[in-house]
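Trainee: I'd like to take a close look at one small part of this protein with you. Could you walk me through it slowly, and then show me how it sits in the rest of the chain?

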Amino acid sequence: SQPFYVLVDRFNPLMDVTFDGKHIIDGDIVSPDPEILVEVNDENPLIALDDTTSFELYFKRGTLNTGSTPRIFLDDPRVVWVPATLPQNKAQLFFYPGRGVDGFLEDDEYVLKVQGRDKQGNTAGSGNNTYEITFRVENESSITRILNYPNPFSTSTRFVYTLAGAQVPEVFQIHIYTISGKLVKVIDLAAEGDVAIGQNITNYAWDGTDEYGDKLANGVYLYKTIIQMPGEQVKNREVGIDKFFNNDWGKMYIMR
């Protein structure tokens, strides 16, 4: 006879939710055909998350609707479920809300609720809180003015913008000029793969050098954005920052 002890799994799994590969904030704009990925990662290397009890998914259109949010079950054609394999033990749920009988999501606000749990019933995060987020869909292509941040800058600056619509522009360039009108730099964000629907700050950071890699002198520079969309025009989203632009021209400052 040999006594032994069993430790009960009381650790909460980790859950991550992304929209087209991005983490969004409440009220953010997303694509009319988003790929919503929910991942549940359990630290237990012995009991795989290999059944549908790992996820609870709820989705509805409109925030003014005071009724309950309907549950979406994993046999729904808009859902793709990938069970976990050991020892990584990470289960995935892909949800494509825009791929129903009506095609793309219509212009409106939507609510998503998600909960994940492990085989022992431990829910993701602390307590029994469900991840809930509201997002907006706009099918018409539009974009805010592009700002660089920080501005002024000394070592590098990134670009901030909000883009709406069903597709990203095929041309998305920032042309930077001296005060005298000489073109010194072309930043091709489309070529960098740094264009996405929603609120964005680019991964690309400009270091204040020209096309040849030479550092530009301190001072004021002008910039203009060139955007082209196949078959349609990208409208300007009027926001408070428009007052900082003059005929689509913005200013940036290099101070080293």
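Which residue forms a salt bridge with aspartate 51, and how far apart are the closest N and O atoms?

Mentor: Happy to! Keep in mind that this is a predicted model. The partner is lysine 119, and the closest N and O atoms of the pair are 3.8 Å apart. That distance falls within the 4 Å cut-off for a salt bridge. Aspartate 51 sits in the loop between β3 (36–41) and β4 (55–61), while lysine 119 sits in the loop between β8 (108–116) and β9, so the contact ties together parts that are 68 residues apart in sequence.

Now for the surroundings of the two side chains. Aspartate 51 is partly exposed, at 25% relative accessibility, and lysine 119 is also partly exposed, with a relative accessible area of 33%. The pair does not stand alone: Asp50, Asp51 and Lys119 are linked in a network of salt bridges.

Next, look at the strands beside these loops. An open sheet of 5 strands runs in the order β2-β9-β8-β4-β5, with mixed pairing. Its edge strands are β2 (28–30) and β5 (71–72), each of which pairs on one side only. Strand β9 (residues 131–137) runs parallel to β2, and 3 bridges join the two. Along that pairing, valine 30 stands opposite valine 137 in β9.

It helps to set our pair beside other salt bridges, of which the count is 13. Arginine 136 forms one with glutamate 138, with the closest N and O atoms 2.9 Å apart; arginine 136 is partly exposed at 25% relative accessibility. Another joins the side chains of aspartate 76 and arginine 78, at 3.1 Å from N to O. Here aspartate 76 counts as buried, at 18% relative accessibility, and arginine 78 is buried with a relative accessible area of 18%. The cut-off for buried is under 20%.

Finally, step back to the whole chain. The protein chain has 0 helices and 18 strands. Its radius of gyration is 23 Å, well over the 18 Å that the globule rule gives for 256 residues, so the chain is more spread out than a compact globule. The C-alpha atoms fill a box of roughly 90 × 50 × 30 Å along the principal axes. Among contacts between residues at least 6 apart in sequence, 70% join residues at least 24 apart. The link between aspartate 51 and lysine 119, across 68 residues of sequence, is a nice one to keep in view as you turn the model.

Definitions and conventions: Residues are numbered from 1 along each chain as its sequence is written. This is a predicted model: local features need pLDDT of at least 70, side-chain atom pairs count only at pLDDT 80 or more; totals for chains, interfaces and linings use all residues. Side-chain values use heavy atoms; hydrogens and water are left out. Two strands pair if DSSP finds at least two bridges between them. Helices (H or I, at least four residues) and strands (E, at least two) are DSSP runs, numbered from the N terminus. The radius of gyration is taken over C-alpha atoms; the globule rule is 2.2 Å times the number of residues to the power 0.38. Contact means heavy atoms within 4.5 Å. Buried means under 20% relative accessible area, exposed over 50%, partly exposed in between (1.4 Å probe, protein chains only).
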